[in-house]
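Let's take a walk through this structure together. Have the sequence and the 3D view ready, and follow along one stop at a time.

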Amino acid sequence: MIPREVLQKIRRIQIRTSHLADNMLAGQYHSAFKGRGVEFEEVRPYRIGDDIRAIDWNVTARTGEPFVKLFREERQLTATLLVDLSASQGLGTHWQSKRELVAELGASLAFSAISNNDKVALTLFTDDIEKAIPPRSGSRHVLRVIRELLYCQPMGHGTNITRVLEHLNHTAKRRSIVFLISDFQDAGYEQALKVARRKHDIIPIIVSDRREFELPNVGLLELVDSETGQVVMIDTSSHYQRQLYAQQAQQLAEQRDQLFKRLRMDPIHVQTGEDFVDPLRKFFHQRECRR
């Protein structure tokens, strides 16, 4: 049984994110991600202003009247959410944790996809695959996605991006729009990312909290790495120690972003306590402009 408070949270996220998708994101999502092509639908009599390149000469010859071919976009795509549930997702120094932000973000993307008649797949991962839900469409399916994003209790603690990308390559038979949602506290996944992007449209979404880049001045502080269990003591009253912490965090972030730049990927940055809609809309707009 799912606890009542979780059901209430699912309902709140459903209301908020479906509204965001319907009123703010769906149109831009449609423009940013086109279908696989067009397919023939029917012919109709030629009208003034029609493109003469669309004339069906076989039908025109048979009937003695000009007819044009009509096509429709083969719209349906699959949006695949690869979501990091490692222990570091529990961090949150604002009114929400990274995992809560990820749940709202994932739900908004899922509702945007189904509003365009696309299918949604979900893979939850830590240092292994925690759960994989095959692609389906419909609002009931999105509710299941939200439930898993909120309620799944992962067995692992670490982050293995290579593992989830290899799982994607082995299970996804068709090209997908892949939202890789993680704080990317991992290394050594460049080759797996190169392989996956040959087949899929990979969009990294980087989830962060400001405390990962900035420590408060609160004296001696014990920090525990939630993924490895490693403990370190930092004297936050030391300006040098706080500056060193910030520099190391910034260096890791720059290395990650340089990797995405080399692979010609456009990451989306979202942070706890901040609105994620504007970064999504900006990304969709940039994609639309490039197309």
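Which domains does the domain assignment of the protein give? There are two entries: domain 1, made of 4-32 + 76-208 + 265-290, and domain 2, covering 38-72. Keep in mind as you look around that this is a predicted model. If you take the centres of domain 1 and domain 2 over their C-alpha atoms, they sit 42 Å apart.

Now let's drop in on a helix. H5 runs over residues 161-171, and its buried residues are Ile-161, Thr-162, Val-164, Leu-165, His-167 and Leu-168. What do these buried residues of H5 pack against? Their partners are the strands E3 (78-84), E4 (119-125), E5 (129-136), E6 and E7 (201-208), along with helix H6. Look at the N-terminal end of H5 too, where Asn-160 acts as a cap. One of the side-chain oxygens of Asn-160 lies 3.3 Å from the backbone nitrogen of Thr-162.

Next, find the loop that links strand E6 (177-182) to helix H6 (190-199), because that's where Phe-184 lives. Is Phe-184 buried or exposed? It counts as buried, because its relative accessibility is 6%, and buried means under 20%. Its backbone is worth a look as well: Phe-184 isn't a glycine, yet it has a positive phi of about 55°. As a rule, most residues other than glycine have a negative phi.

Phe-184 also leads us to our next stop, since Arg-256 is in contact with it. Arg-256 belongs to helix H7, which spans residues 239-262. With a relative accessibility of 13%, Arg-256 falls under the 20% cut-off and so counts as buried. Set aside the neighbours within four places in sequence, and Arg-256 touches Asp-183, Phe-184, Tyr-189, Ile-206 and His-269. Its side chain also makes a polar contact, at 3.2 Å, with the side chain of Asp-257. For a sense of how the chain folds back here, try Arg-256 and Glu-190: they are 66 residues apart in sequence, with 9.7 Å between their C-alpha atoms.

Last stop: the loop between H7 and strand E10 (268-271), where you'll find Arg-264. What is the phi of Arg-264 like? It is positive, at about 60°, although Arg-264 is not a glycine. Arg-264 counts as exposed because its relative accessibility is 75%, and exposed means over 50%.

Notes:
Residues numbered from 1 in each chain as written. Predicted model: local features only at pLDDT ≥ 70, side-chain atom pairs only at ≥ 80, totals over all residues. Heavy atoms only, no water. Helix = DSSP H or I, 4+ residues; strand = E, 2+ residues; numbered from the N terminus. Buried < 20%, exposed > 50% of the residue type's maximum accessible area, 1.4 Å probe, protein only. Contact = heavy atoms within 4.5 Å. Polar contact = N/O pair within 3.5 Å; in protein donor to acceptor, adjacent residues only side chain to side chain. Domains from an automatic or database assignment.
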